[in-house]
Amino acid sequence: MSSLQQAMAAAPTGALAFDDGSRRLTYGELAAAVRADAHWLREHEVARCALLADNGCAWAIADLALFEAGSVNLPLPTFFTVAQTLHALDDAGVDCVLT
């Protein structure tokens, strides 16, 4: 069990973990979502992933799942131009984009 899994397992499952104003997650829900997404990332052999999304629960889940799966995360700012985004994707050798 990783230190991330240990930390989430140690938190009270019903306690609030995230609230982004439109979605609320308890630690139990967070752990389940991270596990599911990390499983998907491993199953699809994602090595380098770009994360293009606004801050929020979905972004946090994806970031934690990428960490848990051992995948490289390239956070892409939403204010990048198309040219900047394409350059970052190409330069980093990204094999998956989550948005």
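Begin by selecting Thr 85, which sits in helix α4, the helix spanning residues 82-92. The model on display is a predicted one. Thr 85 has a relative accessibility of 14%, and because buried means under 20%, this residue counts as buried. Now display what surrounds Thr 85: apart from neighbours within four places in sequence, its contacts are Leu 76 and Phe 80.

**Along helix α4**

Keep helix α4 in view and move to Ala 88, which also has its place there. Is Ala 88 buried or exposed? With a relative accessible area of 15%, Ala 88 is buried. Residues up to four places away in sequence being set aside, Ala 88 touches Leu 74, Leu 76 and Phe 80. Leu 76 and Phe 80 are thus partners of Ala 88, as they are of Thr 85.

Before leaving Ala 88, draw a distance from its C-alpha atom to that of Ala 15. The two residues are 73 residues apart along the chain, and their C-alpha atoms are separated by 37 Å.

**The aromatic pair**

Select Phe 80 once more, this time together with Phe 79. The structure holds one aromatic pair. The ring centres of Phe 79 and Phe 80 lie 5.9 Å apart and the ring planes stand at 80 degrees, so the arrangement is edge-to-face. A surface display shows how each partner is covered. Phe 79 has a relative accessibility of 69% and counts as exposed. Phe 80, at 27% relative accessibility, counts as partly exposed.

**The whole protein**

Zoom out and colour the model by secondary structure. The protein contains four helices and five strands. Read from the N terminus, the elements follow the order α-β-β-α-β-α-β-α-β. The C-alpha trace spans about 45 × 30 × 20 Å along its principal axes.

With a surface switched on, the accessible area of the protein is about 6100 Å², and carbon and sulfur atoms hold 56% of that area. Of the 99 residues, 28% count as buried. If contacts are displayed instead, consider those with a separation of 6 or more: residues 24 or more positions apart account for 64% of them. Colouring by charge brings up 5 positive and 12 negative side chains, the centres of the two sets lying 7 Å apart.

**The nonpolar core**

Hide the surface and select Met 8, Leu 30, Val 34 and Ile 61. These four touch the most other members of the largest nonpolar core, a set of 17 residues. Helices α1 (3-10), α2 and α3 (57-69) each supply at least two residues of this core. Which helix gives the largest share of this core? The answer is α2, with six residues.

Centre the view on Ile 61 and show its surroundings. Not counting residues up to four places away in sequence, Ile 61 touches Leu 25, Leu 30, Ala 33 and Val 34, together with Arg 23 and Asp 37. Leu 30 and Val 34 therefore appear both in this list and among the core members named above.

**Helix α1**

Turn to Ala 9, which has its place in helix α1. Ala 9 is exposed, with a relative accessible area of 53%. A line drawn from Ala 9 to Ser 22 covers 25 Å from C-alpha to C-alpha, while the two residues are 13 residues apart in sequence.

**The loop between α2 and β3**

The last stop is the loop that joins α2 (27-43) to β3 (48-51), where Glu 45 is found. Phi of Glu 45 is near 50 degrees, a positive value in a residue other than glycine. Glu 45 counts as exposed, at 67% relative accessibility.

Ala 47 belongs to this loop as well. Its relative accessibility is 36%, and Ala 47 counts as partly exposed. Which residues does Ala 47 touch, not counting those up to four places away in sequence? They are Ser 71, Val 72 and Asp 95. To finish, draw the distance from Ala 47 to Asp 95: the C-alpha atoms are separated by 6.9 Å, although the residues are 48 residues apart along the chain.

Note on methods: Residues are numbered from 1 along each chain as its sequence is written. This is a predicted model: local features need pLDDT of at least 70, side-chain atom pairs count only at pLDDT 80 or more; totals for chains, interfaces and linings use all residues. Side-chain values use heavy atoms; hydrogens and water are left out. Buried means under 20% relative accessible area, exposed over 50%, partly exposed in between (1.4 Å probe, protein chains only). Contact means heavy atoms within 4.5 Å. Accessible areas come from the Shrake-Rupley method with a 1.4 Å probe; for residues, only the protein chains shown count as cover. Lys and Arg count as positive and Asp and Glu as negative; His and the chain ends are not counted. The place of a charge is taken as NZ of Lys, CZ of Arg, CG of Asp or CD of Glu. Rings of Phe, Tyr and Trp (its six-membered ring) pair if their centres lie within 6.5 Å; planes under 30 degrees apart count as stacked, over 60 as edge-to-face and the rest as tilted. A nonpolar core is a set of buried Ala, Val, Leu, Ile, Met, Phe, Trp, Tyr and Cys residues joined through side-chain atoms within 4.5 Å.
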